[in-house]
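Q: Please take a close look at the charged side chains of this model, going pair by pair and saying how open each partner is to the surface.

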Amino acid sequence: MTDTLHVPILADMLAEGKKPDVLFWVGCAGSFDDRAKKVTKAFVKLLNEAGISFAILGSEEGCTGDPARRSGNEFLFQMQAMQNIEVLNGYDVQRIVTTCPHCFNTLKNEYPELGGKYEVFHHSQFLRELLKAGKLTIQGGAFKGKRIVFHDPCYLGRINQTYEAPRDLLKALDAELHEMGRCKKNGLCCGAGGAQMFKEPEKGDKDINVERVEEALATKPDIIATGCPFCKTMISDGVSHSGKDVPVLDIAEAIVQAGDLS
Amino acid sequence: MAAQLAFFILLTAGSVVFAWQVQRLRRGLAMGRPSERNDQPLRRWKTMARVALGQGKMGSRPVAALLHVVVYVGFVLINIEVLEILVDGAIGSHRFFAPYLGGAYVGIIGFFELLGVAVIIACLAFLFRRHVMRIPRFRHADMKGWPSKDADIILYIEIMLMSALLLMNTAEAAMDAEAPVVVGHWLAPLLSGMDENSLHWIERIAWWFHFAGILAFLNYLPRSKHFHIILAFPNTWYSKLSARGRIPAMPSVTGEIKSMMDPSYVPDETAVPDRFGAKDVSDLSFANLLNAFTCTECGRCTSACPASITGKSLSPRQIMMATRDRVEESLDKGESAKDNHLLDNFISRESLWACTSCNACVEVCPLNIDPLDIILQMRQYLTMEESAAPAPLNSMMSNIENNGAPWAYPQADRAAWINE
């Protein structure tokens, strides 16, 4: 496998008369946040590896509006939504995959009533389909026998009832999958949802991410896995706060590292 | 004859007061915007059958679920006996159905008696959980004062009503070895040595206490969290059925934006609300207010809320209790409370901004109550009407407006990661 990523821009691809099978919605974190960019690249590596025909919007993509809407700014949310829908419908996009559960939820559940109807996947669902179809092989390799605990992102798990896709991928790594007491529909939020990512927490006894990381570390994990850029940030910060040295990886990163695809 | 007269006076008074209470409640619920949740009736009936009738969401806490189902089944089945109480009271008979049902009557009464004993045990266990085990969700700051007292009163009343029923049967069994009861005979030795006259009085007093107690309890319900025994049914019928992660679009905003993007588009001016979001209960929907009156303050929401768990001022249960308190205040004080609002007077801004919208409260509520919906509508008011979002959120939003991302990076660089 080569080091260069193959990342077509949708406008260019259409100009060449080609149409991708799926649009990869990178999201703001995936585009600009250092930790999330690693996830973006890992996912692209897997798409390249599996030979998937995809494209990104590039500079034509804009925030879905999720944090604005959850901050109460319906006006700004709908502005973003309508602009994005105009672009997506203009390109006749049918299928979208994204690595961000917040983008996933908004595109899937909130765009339809504003005229944006697409088939939307979280990357864990998309990768699991590739695995099932035999287009992607996951190697245990480096992670064989390692203890992995999965933190459910609220917007993927409880809010969109997707619990097994990320777990099926982690199980394919030959790792030992462990669960926290509060998992799946009872999963505890990392503290970033509802636009909390962008503000300081209100005063209290402790920060939510610290509470969550204590629970995760109690399972004695070698790796904490998750499937959301905000969760990744919050959990990573919580691990640093605890003074421990446990890597926090997105599912896509875990698969890439395990198979030594990088 | 005097007894029958007293019976009818009590029954009429109890019913009239209850009807007035229900009317008052209807006025309270009508303060909200009309609900749009009238679609998909089949799914709504099914949800009601599963969640309210079948208690489908109670099982996640098995001990509480078991105790609760005992009281629930006890309440529903033992109340069948009220039918006989009504007939006996009205025509002055004693155990009207006994001759018609024969042996089956004894079986049914015996079953009710055993249920009554089980209800007493369950209520004692509930008191034990509240006062000896001191389960945190019952001791949280929002339970101080009336809410805790209300919970205790309900349990005491239930214990007294069941005890009266058992005492009545025990006294009758002590008088008559052939009395058509079961547990009464087991307990009769407790009353041995009492003369017939005293036993007769005990039996009559227990009967009247039970009858009057039911009417009193009926009228206590609408002022208490315990009204969930009735409101659970309409409340689950009005459950949110759309995708959990969807916040419904405001049509007035949609019209506005469409006319900005397409100058030929004419928005519907009548769709513009008096106020964006919710500052007071009158801005909330009927379903929100029904939620508030249905809430039985069990605190599962608060015990699952990440903000509450980490000591923030937000408690989803408090959001529901505050909403109900504000409606009650408007009903009772009317004009004199018109300068109060749900916001600030009952729910703090700090609580509203502490929510992560994680939906844990919505998930765990055994009655499909949705505190998050109220929180988000109040945030809409704060942001769209008062521009009062916390400063970092305002920066985040101006970044989205300026460069299409919550951080200040140019939109043109969105694909820059490819070459980094």
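**Charged side chains, unpaired and paired**

A: In this predicted model, a patch of negative charge on the surface brings together Asp176(B), Glu178(B), Asp195(B) and Glu196(B). Of these residues, Glu196(B) belongs to helix α10 of chain B, which spans residues 196-220, and Glu196(B) counts as exposed because its relative accessible area, 52%, is over the 50% cut-off.

Turning from the patch to paired charges, side chains of opposite charge can pair when their charged atoms come close. Over all chains, a search of the whole structure gives 39 salt bridges, and several of those in chain A can be followed individually.

One of them joins Lys18(A) to Glu16(A), with 3.3 Å between the closest N and O atoms. Lys18(A) is partly exposed, at a relative accessible area of 47%, whereas Glu16(A), at 54%, counts as exposed.

Another salt bridge is formed by Asp168(A) and Arg128(A), whose closest N and O atoms are 2.7 Å apart. This pair links distant parts of the chain, since Asp168(A) sits in helix α8 (residues 164-171) of chain A and Arg128(A) in helix α7 (residues 123-132) of chain A, with their positions 40 residues apart. Asp168(A) has a relative accessibility of 27% and is therefore classed as partly exposed.

A further pairing is that of Arg147(A) with Glu176(A), where the closest N and O atoms lie 3.9 Å apart, within the 4 Å cut-off for a salt bridge. Here too the pair links distant parts of the chain, but the elements are strands: Arg147(A) is in β5 (residues 147-150) of chain A and Glu176(A) in β6 (residues 176-178) of chain A, 29 residues apart. Arg147(A) is partly exposed at 27% relative accessibility, and Glu176(A) is likewise partly exposed, at 38%.

Beyond such individual pairs, chain A also holds a network of salt bridges, in which Arg182(A), Lys206(A), Glu211(A), Arg212(A), Glu214(A) and Glu215(A) are linked.

For contrast with these charged positions, one may turn to the buried residues of helix α12 (residues 251-261) of chain B, which are Ser252(B), Val253(B), Thr254(B), Gly255(B) and Ile257(B). Their cover includes helices from both chains, namely α5 (74-90) of chain A and α20 (371-385) of chain B.

How values were computed:
Residues numbered from 1 in each chain as written. Chains lettered and ligands numbered in written order. Predicted model: local features only at pLDDT ≥ 70, side-chain atom pairs only at ≥ 80, totals over all residues. Heavy atoms only, no water. Patch = residues over 30% accessible without salt bridge, like charges linked within 9 Å, V, L, I, M, F, W, Y side chains within 5 Å. Areas by Shrake-Rupley, 256 points an atom, 1.4 Å probe, with all protein chains shown as cover. Salt bridge = Lys/Arg side-chain N within 4 Å of Asp/Glu carboxyl O. Lys, Arg positive; Asp, Glu negative; His and termini not counted. Charge placed at Lys NZ, Arg CZ, Asp CG, Glu CD. Helix = DSSP H or I, 4+ residues; strand = E, 2+ residues; numbered from the N terminus. Buried < 20%, exposed > 50% of the residue type's maximum accessible area, 1.4 Å probe, protein only. Contact = heavy atoms within 4.5 Å.
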